[in-house]
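Colleague: I would like to learn how to read domains and packed helices in a model. Could you take me through an example?

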Amino acid sequence: MEIERVVITGLGTINAIAGSVPEFYGALRNGVCGIGPVTVFDTTDFKTHTGGQIKRFDPQEMIPAGFSTKRMSRSDIMAMAAAVEALKHAGLFPVPDELLADTGVVIGGGAGGMLEGEEAYRQYLKDKGKGVRFSRFSSFCCASSADHITSRLGLMGPKTTFMTACSSGATAMGYARDLIRAGMARVVIAGGTEPLSRITYATFNALGAVDPEFCKPFDKNRRGISLGEGAGILILESLNHALNRGAQIHGEFLGYGVSCDAHHMTAPDPQASGAVRCMRTALLDAGVHPEWVDYINAHGTATPANDRMETLGIKEVFGKKAFQIPVSSTKSMMGHTLGAAGAIEGVVSVLGIFQRFIPPTIHMTEPDPECDLDYVVEGSRDAEVNIVLSNSFAFGGNNTSVVFGRFTEKGIVHE
Amino acid sequence: MNESVVISGVGMVTPLGTGKDTFSRRLFKGDSGISEITSFDTSRFLSRLGAEVHGFIPKDFISVKNLRRMDRISRMTAASARMAIEDAGFGIDASNRDRVGIILGVSYGSTDVAAQFAGILFTEGPGMASPILVPNTVINAPAGHTSIELGFRGINSTVNHREASAETAIAYAAAEIKNGRADVLLAGGADILSEFFFEIMTHFKAVSPVNGGAEGARPFDSQRNGPVIGEGAGILCIESMAHARARGAAPYCEIAGWGLSSSPSSPTDWPSDPAGPILAITRALESAKITPEDIDYVSAAANGGRKLDHLEAEALSAIFAGESQKPFISSIKGAVGESFSSGGIRTAAMAISIREQTIPPTLGLENPIKPLPFILKIKKETGINYGLVNGFSSGGTFASLILKRIDE
């Protein structure tokens, strides 16, 4: 039996540097910094005050007229906005009746309805239960984003939400591919969503993992992440289905790999063993030789430990070739969007292939001897990008790597 | 690719006890795990009952070094995982650890630690927010802790869809084994009962007694008035039949098929149309290449909730409408409560039912809402070749699993 190929026919995103995919392309091209003051909650008492907050958050503008935003969290609204953009991009909005039962939703979550829930909890602690709007918890569960998407669109396909912290979005895309390959869906709305919230902000601050200024991936003086927010959605579709309906194909989902450090809950394995295994598994799953990779979209959080470890891991997997592969961290522009990061970076990867460019790492001024790869620091580049590896490494030692390729009827294109 | 997938071990920490022997003995006997909540003061709530885990001794299963860093949900998960691995007679070592992993269903996770962290944040300020608590505030912490405790480094994932979390996780794990992406996977679910979480549930009128009456879990009963919230962990050890046979293991049963679907519903509500659950069950039957008449026993998702139980009864009536001999139906949520990611415990119970050829009773069920062959107060010994496990959640997410007796 021939294995079903899975392609990407639509993209959607909202994040600190863009409200749509076309805007996102421009911002990535120009190396725009979206990290600035956080205003979605009061940061006065925090040690840091910056983050990658979405600049224009207007649910009325983001959600189609006729779709109620009632009881939707900030996270749900972002996911819905990105899903609608991606479906429109794919020419599948509204989803045709005959596809409703065969369209799945797989979302990578993070804080979910935390921003709304924590406000209610704060009230609760103040008033001991009096006057607390418990309805603010109605979309607390991360699964709510997928629920709202299937409900508003009338979908009846498989629905799943992944919660593996910073690798959620990447794992969601991989599982979506599996569902299509297993014949359990023809189209899957796959991605991730993550809101800024006080609790998330406090957890990373408590760990001392936040750069008070802006994150500086791979820089010698990097001090930690900038927290971000946003959503990224990709429409994954069986190749036959996409061809039959004459859809424009933006890239192919070639493979993914998942591994676990089994080392420490919040620190990566300094030997990069988990990262190496998940990159290798992904390449193997994709049928891609390490020599063929044209660009690596790094996890690149800008914590001292991650960037050193990731560089080491890339060198282990790619050998001498590692020094010739451009590696960039797009988190330098929009911050670390945690549960959404893998999916937003999936959008970046597919854009890179389709638009033939490599986005930069911004804010890197002083090289670190331990981070000695080509981090694309001089700005975005024109490049014939055929194969991209995208890394996501998370708390809990959860690692996921994804491989995207240029779509051709014949299959993988490489030098 | 056509390799069959088997359950070779089970482990659980439940309101009926820890470990398969105590759990299954009490389950079949008809004991209830539901009683007045003792871990916090319920006097300000309308609801007092819960299915709490008592008498669980984490030290019996987890090394002290790792135990110190684990919260309650991670302890239950890691202990259940160790029991499942030991029950399967499998040893994790340097030669196989990269092909062993975990896929866990978690609905709300460490609500106790999250509330504690948020409590400090909002009363004492961000400067006092404890870095010690942080690792346990994330929902994937139980799977992470378990990988560290047992030393496996393969696939590691956490799936979240309320009452369908664990069934969805098990379906994913079975697919990964079938695809050859792992040799052995631990799969199941875990959730805990905590005070603030309980308070939210009572405010949402999601807990018995919703509209007054006597408090209690009564799946499929005409007098039902909401579920009783439970807690616990249940983990399966899953591998391919070939892998199990090669190491001389005697699996409980096969995971013969699974089906996933959804239908429109707001996150805190249930659809009234049974089309979604019917689709999940139909897909599971197709995936197992069987027909409704092959099913002998249904372990229902029903928890005593007004809408869920009605929805599931409608779906089962429709699926089995043509059968003169309909399958027996029971819900163990009458004994273990609704712990959301209860699918690990419930699928383990199905594996035990198939091995013992015995169906556990549905506690709390006296007057069924539909004339279906429900198993009421007393267990039933009967032939079970195929068992169906339903995981249905609010928000309209449906996962059905089909387990099959292994032909001798």
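Colleague: How far apart do the C-alpha centres of domain 1 of chain B and domain 2 of chain B lie?

Modeller: Bear in mind that this is a predicted model; in it, the two C-alpha centres lie 20 Å apart, with domain 1 of chain B assigned to 5–246 and domain 2 to 256–404. In contact across the boundary are 58 residues of domain 1 of chain B and 57 residues of domain 2 of chain B.

Colleague: Which helix gives the largest share of the side of domain 1 of chain B that touches domain 2 of chain B?

Modeller: That share, seven residues, comes from H6(B), and the elements that each supply at least two residues to this side include strand S1 (5–14) and helix H1 (20–29) of chain B. By class, this side of domain 1 of chain B holds 27 nonpolar, 21 polar and ten charged residues.

Colleague: How should I read the packing of two helices, and at what angle do the axes of H3(B) and H5(B) cross?

Modeller: In general, two packed helices are described by the angle between their axes and the distance between the axes. Here the axes of helix H3 (residues 72–87) and H5 of chain B come within 8 Å and cross at roughly 45°, which makes H3(B) oblique to H5(B). Their crossing is right-handed, and the residues that meet include Ile73(B) and Ala78(B) in H3(B) and Pro142(B) and Leu150(B) in H5(B).

Colleague: Is H5(B) mostly covered or mostly exposed?

Modeller: Helix H5 (residues 141–150) of chain B is mostly covered, with ten of its ten residues buried, among them the charged residue Glu149(B).

Technical notes:
Residues numbered from 1 in each chain as written. Chains lettered and ligands numbered in written order. Predicted model: local features only at pLDDT ≥ 70, side-chain atom pairs only at ≥ 80, totals over all residues. Domains from an automatic or database assignment. Contact = placed C-beta atoms within 7 Å. Helix = DSSP H or I, 4+ residues; strand = E, 2+ residues; numbered from the N terminus. Buried ≥ 20, exposed ≤ 12 C-beta atoms within 10 Å, placed from the backbone. Axes fitted to C-alpha atoms, helices over the stretch in contact; angles between N-to-C directions. Parallel < 35°, antiparallel > 145°, perpendicular 65-115°, else oblique. Left-handed = near helix turned anticlockwise from the far one by under 90°.
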